[in-house]
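Here are a few short exercises to work through with the model open beside you. Try each task before you read its solution.

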Amino acid sequence: MQTGFPIARPGQVIGLLGGSFDPAHGGHVHITLQALARLGLDRLWWVVSPGNPLKLRGPAALDRRMAEARRLMRHPRVTVTDVEARLGTRHTADTLAALRARYPGVRFVWIMGADNLATFHHWDRWRDIMEGVPVAVLARPGQGLAALRSPAATIYRRFRVAPGAAQGLGLRAPPAWTFLTVPMHGASSSAIRAGGGWPAAPAPTPPPRGPAPPAP
Ligand SMILES: Nc1ncnc2c1ncn2[C@@H]1O[C@H](COP(=O)(O)OP(=O)(O)OP(=O)(O)O)[C@@H](O)[C@H]1O
Ligand SMILES: O=C(O)c1ccc[n+]([C@@H]2O[C@H](COP(=O)([O-])O)[C@@H](O)[C@H]2O)c1
């Protein structure tokens, strides 16, 4: 099992799929395999977040999410990592800056689902992210239009890379982003949580029973 900081060599192209993974599911595996096939990556890391800075509700414990992600995602070119907890970063702009400093010469590509492109302009220093690393966006059911009409997509329209050229995305100078209309997978962590597959927190303990009410 991988522990500590993952290994990467200068010149390698590493895809970063950041997420809460609360819990990991088939949609994450699906876009990972699509990204590996379509983006010319040497490796892909699942960057399991200590907690999305925009989400009010805290996720399940990091150890638990890591263990479940590692159980689900088994591939020789994929590493599940808690680098953000190790680096002490939460915002993606900080994570990318810290990774670039720690891994000189490694080329990182930020990977996300279409729902995140739609709200990308709310992220902290989102333009620094766009201008710091190439970005790959993968289709997600019901999210395509909002993503492609989003402020981020509109402002960076000129820098969009055609899907046919996406194999070389990681070698391009940013800003450079692509939208891959891959076959879609409908899984989401929120649906799993809502279905009771992964309770957000231990079930509340019922209040202690008091004495039985007096008989009427
Ligand atoms: N089914 C999917 N198709 C495409 N992208 C996905 C899919 N599921 C997750 N992603 C992407 O994977 C990354 C991590 O997702 P995350 O861990 O938040 O899971 P989620 O299912 O989106 O969670 P939630 O439902 O709680 O928002 C995000 O960039 C998200 O857009
Ligand atoms: O940096 C930000 O402002 C920011 C805002 C929202 C989401 N993110 C990152 O986006 C990734 C996907 O988040 P999530 O919770 O949708 O899985 C994860 O790595 C988050 O840390 C980052």
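**Exercise 1: the strands around β2**

Task: find out how β2 pairs with strand β3 (residues 78-81).

Solution: β2 and β3 pair in the parallel sense over 4 bridges, where pairing needs at least two DSSP bridges between the strands. Strands are DSSP runs of E with at least two residues, helices are H or I runs of at least four, and both are numbered from the N terminus. Next, pick out one bridge: V47 has T81 as its partner in β3. Now go to the other pairing: β1 and β2 are also parallel, over 6 bridges, and G15 is bridged to L44. Between them the chain runs from β1 through α1 to β2, a right-handed β-α-β crossover (with the strands pointing away from the viewer, the path over the helix runs clockwise).

A word on the basics: this is a predicted model, where local features need pLDDT of at least 70, side-chain atom pairs count only at pLDDT 80 or more, and totals for chains, interfaces and linings use all residues. Residues are numbered from 1 along each chain as its sequence is written, while chains are lettered from A and ligands numbered from 1 in the order written.

**Exercise 2: the two faces of β2**

Task: which residues of β2 point one way, and which the other way?

Solution: R43, W45 and V47 point one way, and L44, W46 and V48 the other. In a regular strand, side chains alternate between the two faces of the sheet. Then check burial: 6 of the 6 residues of β2 (43-48) are buried, meaning 20 or more other C-beta atoms, placed from the backbone, within 10 Å of their own (exposed is 12 or fewer, partly exposed in between).
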